[in-house]
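Me: I am new to reading protein models, and I would like some help. Could we go through one together, feature by feature?

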Amino acid sequence: MLDNTEFEFDDVQGIVHFAHAHMVETCFLLLKIRDSALAKKWLAQAPVTTAEKSPETSRPETALQIAFTAAGLQKLGVKETVIAGFSNEFLSGMTSANRSRRLGDIGNNAPEYWDWGGSEEDIPDALLMLYAVKNGLDAWKQQVTGQQFEQAFIQKFLPTNTRVKDEPFGFADGISQPAIDWHREQSTDTHRRDQYSNLLAAGEIVLGYPNEYGYYTDRPLITSADDGPADILPGAEDNPRLKDLGRNGTYLVLRQLQQDVPGFWKYVDQAADGDTKNRKKLAAAMVGRKRDGTSLMPTVKGDVAGTPEKHSKLNNFNYAADPKGQVCPVGAHIRRSNPRTGDFPPDVAGPISRLIRTLGFGRDSPTEDLVASTRFHRMLRRGRPYGLRLKPADAVAAIDDRDERGLQFICLCGNISRQFEFVQNAWIVNGKFDGLQDETDPLLGNRQPLMDGGPTDNFSIPQFSGPRMPQFVTVRGGAYFFLPGIRALKYVAESAGPGK
Ligand code: HEM
């Protein structure tokens, strides 16, 4: 087993390992490069926070993390041939052809209505994320974004607030996260894993390490000549003759999701005939958890592998005993976004039925495969909410409330297409999911009809038939970023070409 210090935490940005939840103040800045030489100079000295744990840094009071779009890397002088080694989704961006339909970015979610990122000129070059403990942000911001920064970048602020533990509809958030197998304790071959496990191969999140298939995710591997005389980048584990620009980096997906909090609670109230108890029940059914985070599924004693101790009470469960959604609706947000299955559907138990499945026989329904093997579709969520708090009772009573609230949804993953895009497309906005026909995610669905005209605004919950659902969440912006490792950042700032 590898020792803690052997994972290169000093080369990984802190946000990959920690949610920075104790740093309640944040400033997210979308940056456009005004002057690439100055931008590179600023980047070369930027105090980027690493994931290294030491007595001094285990609970830092401030943090700085930075990520780039493909356009940003290009402006900073990274060669086209090197950039071409990143994944297609990253290169073509969140709004490229066909992608919008797949992500549900149609109707009033369409990029043409976004506040940022919706058109090519509007795609940021970089995302700067500053974090600080209470009352620490102003000083931190001043310290890191002085005159040189202002000359180097045009800035656009994204709103955030300091309520890190719940999201604007009022539910506890950030409870379920995959645990990363930093020490390579769990096998990553394509063996058939019966049980849901929360422990995930490092390569599912961090580039340059084996993923759940036991493979290394594609990323730019470059020659020593391209690395330059400073020889900054590490060798690739799977191809030591080449240098690994991806190692210890990850992809970062950012989507600004505006939440209609009065709309949500008014709908729930109407569906519950104004009964407060039923209102709570229905809202919990839509999420899959009560507002305090308690899961609707009973938690089990013992381990769901990889569940951090502090969350085991809220997170030790799966849906195997509830295939029809009698306890937690099949379409509840957390069940859609992580169905918690092993590599086989729940009814496949003994060795013979497993063999039949492995050979490709015995599938009852073509939708089954969409919910098997959740281990290939996990992500680390690192978002922050924005807007003023509105309690459910006040939301129900609200008249003409125009305050904007929502989530700066951020997730990290090694493969945007297999992780974020798959979950968003196949599980969240797909009208057909695990036997459900005419509904999308109760929180996130855009309620646009299917290609064949079929509806998507239902919500199947036993003993309930409420009014059709309106849309509660609207996309306001988004982009795909690369969050580099520390050496990769140094390469971008100091070694790649002169910039444009
Ligand atoms: C405004 C938008 C959203 C809201 C209000 C929201 C709300 C929530 C809440 C309340 C939870 C339960 C807390 C927890 O388990 O940590 C949760 C979990 C989760 N959400 Fe969302 N979410 C939003 C957007 C998204 C998006 C866009 C995705 C992915 C494409 C996503 C993926 C997940 C995942 C993977 C979980 C954990 C499920 C589990 O492991 O059990 N969410 N979300």
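Reply: Happy to! Let's start with a term: a residue counts as buried when its relative accessible area is under 20%, and as exposed when that area is over 50%. Keep in mind that this is a predicted model. Take arginine 447 as a first case: its relative accessibility is 12%, so arginine 447 counts as buried. Arginine 447 sits in the loop between α17 (417–428) and β14 (473–483).

Me: What is the phi of arginine 447 like, positive or negative?

Reply: The phi of arginine 447 is positive, about 60°, although this residue is not a glycine. Aspartate 400 is another case, with a positive phi of about 55°, and it is not a glycine either. You will find aspartate 400 in the loop between α16 (392–397) and β13 (406–413).

Me: Is aspartate 400 buried or exposed?

Reply: Apply the cut-off again. Aspartate 400 has a relative accessible area of 56%, so it is exposed.

Me: How far can I trust the model?

Reply: Look at pLDDT, the predictor's confidence in each residue, from 0 to 100. Here the mean pLDDT of the protein is 89, and 87% of the residues reach 70 or more. Over residues 1–5, however, the pLDDT is below 50, and this stretch has seven contacts in the model beyond near neighbours in sequence.

Me: How many helices and strands does the protein have?

Reply: There are 18 helices and 14 strands. Of the 500 residues, 55% count as buried. You can also ask how far along the chain the contacts reach: among those between residues at least 6 apart in sequence, 74% join residues at least 24 apart.

Me: Could you show me a single residue that has partners far along the chain?

Reply: Try aspartate 11, in the segment before α1 (14–17). Aspartate 11 and arginine 247 are 236 residues apart along the chain, yet 8.7 Å separates their C-alpha atoms. Leaving aside neighbours within four places in sequence, aspartate 11 is in contact with Arg247, Asn248, Gly485, Ile486 and Arg487. With a relative accessible area of 4%, aspartate 11 is buried.

Me: Where is lysine 134, and which residues does it touch?

Reply: Lysine 134 lies in the loop between β3 (126–132) and α7 (137–144). Not counting residues up to four places away in sequence, lysine 134 touches Val24 and Glu25. Glutamate 25 is 109 residues away from lysine 134 in sequence, but their C-alpha atoms are 6.0 Å apart in space. Lysine 134 has a relative accessible area of 63%, so it is exposed.

Me: How about a buried loop residue with a longer list of partners?

Reply: Look at asparagine 338, in the loop between α13 (333–337) and α14 (351–358). Apart from neighbours within four places in sequence, asparagine 338 is in contact with Ser176, Tyr196, Tyr319, Thr374 and Arg378. Its relative accessible area is 6%, so asparagine 338 is buried.

Me: How do I read the sides of a helix?

Reply: Here is the general idea: an α-helix has 3.6 residues a turn, so residues three or four places apart point the same way. In α7, the buried residues are Leu137, Trp140 and Val144. They cover an arc of only 65° around the axis, so they are on the same side of α7. On the other side of α7, Asp138, Ala139, Gln142 and Gln143 are exposed.

Me: What covers the buried residues of α7?

Reply: The cover includes β1 (25–33), α2 (36–45), β2 (62–68), β3 and α8 (147–152). For another helix, go to α18 (residues 486–495), where Ala488, Leu489, Tyr491, Val492 and Ala493 are buried. Their cover includes α2, β2, α3 (70–75), α4 (80–83), β7 (221–222) and α9 (224–227).

Me: Last topic: how many cavities of 30 Å³ or more are there?

Reply: The count comes to one. The largest cavity holds about 110 Å³ of space. Its lining is made up of 17 residues, of which Arg163, Glu167, Pro168, Arg389 and Leu390 lie nearest the centre. Sorted by class, the lining has seven nonpolar, three polar and seven charged residues.

Note on methods. Residues numbered from 1 in each chain as written. Predicted model: local features only at pLDDT ≥ 70, side-chain atom pairs only at ≥ 80, totals over all residues. Heavy atoms only, no water. 1 Å grid on protein atoms, 1.4 Å probe; cavity = no way out; pocket = protein on both sides within 12 Å on 5 of 7 lines; lining within 4 Å. Points joined across faces, edges and corners; volume = space filled by probe spheres on them. Nonpolar A, V, L, I, M, F, W, Y, C, P; charged D, E, K, R; others polar. Contact = heavy atoms within 4.5 Å. Helix = DSSP H or I, 4+ residues; strand = E, 2+ residues; numbered from the N terminus. Buried < 20%, exposed > 50% of the residue type's maximum accessible area, 1.4 Å probe, protein only. Arc of directions from axis to C-beta.
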